[in-house]
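Biologist: I'd love a close look at a single part of this model. Could you pick one helix and walk me through how it sits among its surroundings?

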Amino acid sequence: VANWATTALGQLDWLGTPVRLDDPDGTQLALEIQEEVAAGRPLQHPAEHYGESAIIALACRARVFRPILFGDDYDARIAAHARQVTSVSTHRLLHQMIRQSRIRPADAAAYAAALTEAGRASDYTESELVSGRLGRVGQP
């Protein structure tokens, strides 16, 4: 595993220079976004929502590419949108994949049902995934 990791890390030059989150600006911004994503609710632990917040903090500081946040946390997508970072939910991605004929509607619905069964997402029907009428999960 160590050799594989070394090989993989040696092939990341195309990503450009890493952007450090641990400088004071990035860390402070991530903490501010974490509070925003929590939306006034107490954190269950100090790292709750920090992953999404750190990604948004990095994304809104991007200078070379147009970042996209892929996540199902509604408040994180709102925080990203407020910082001009495009965000996409799993269900919105499934809808786009159906439109582009990259997945069959029945398969997308089965995947969505598995997410629901695992307690990770709202329940959407095949017809909702095809139409794109996804309610709150699809916004923004």
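**A close look at helix α6**

Modeller: Happy to! The buried residues of α6 pack against two other helices, α5 (90-99) and α7 (126-131). Please keep in mind as we go that this is a predicted model.

Let's begin with the helix itself. α6 covers residues 105-117, which makes 13 residues; at 1.5 Å a residue they should span 18 Å, and the end C-alpha atoms are indeed 18 Å apart, so expectation and model agree. Which residues of α6 are buried? They are A108, A109, A112 and L115. Looking down the axis of α6, you would find these buried residues within an arc of 115°, so they line one face of the helix. The general background is helpful here: an α-helix has 3.6 residues a turn, so residues three or four places apart point the same way. Just after α6 comes G119, whose phi is positive, at about 80°.

Now let's step across to α5, one of the helices that the buried residues of α6 pack against. T90 is found in α5. Is T90 buried or exposed? Its relative accessibility is 8%, and since buried means under 20%, T90 counts as buried. Setting aside neighbours within four places in sequence, T90 is in contact with F70, D72, Y111 and L115. L115 is a residue we have already met, as one of the buried residues of α6. With D72, T90 also shares a polar contact of 2.6 Å between the two side chains.

D72 leads us on to a pocket. Along with G71, D73, Y74 and R120, D72 lies nearest the centre of the second largest pocket, which has 16 lining residues. The elements giving two or more residues to that lining are α3 (50-60), β1 (68-70) and α4 (74-82). Of these, α4 gives the most, with three residues. The space in this pocket comes to about 290 Å³.

For a last stop, take α3, which holds A59. A59 has a relative accessible area of 11%, so this residue is buried too. Leaving out neighbours within four places in sequence, A59 is in contact with P67 and V85. A59 and L69 are ten residues apart in sequence, with their C-alpha atoms 8.0 Å apart in space.

To retrace the route: we went from the buried face of α6 to T90 in α5, then through the side-chain contact of T90 with D72 to the second largest pocket, where D72 is among the residues nearest the centre.

Notes. Residues numbered from 1 in each chain as written. Predicted model: local features only at pLDDT ≥ 70, side-chain atom pairs only at ≥ 80, totals over all residues. Heavy atoms only, no water. Helix = DSSP H or I, 4+ residues; strand = E, 2+ residues; numbered from the N terminus. Expected span 1.5 Å × (residues − 1). Buried < 20%, exposed > 50% of the residue type's maximum accessible area, 1.4 Å probe, protein only. Arc of directions from axis to C-beta. Contact = heavy atoms within 4.5 Å. Polar contact = N/O pair within 3.5 Å; in protein donor to acceptor, adjacent residues only side chain to side chain. 1 Å grid on protein atoms, 1.4 Å probe; cavity = no way out; pocket = protein on both sides within 12 Å on 5 of 7 lines; lining within 4 Å. Points joined across faces, edges and corners; volume = space filled by probe spheres on them.
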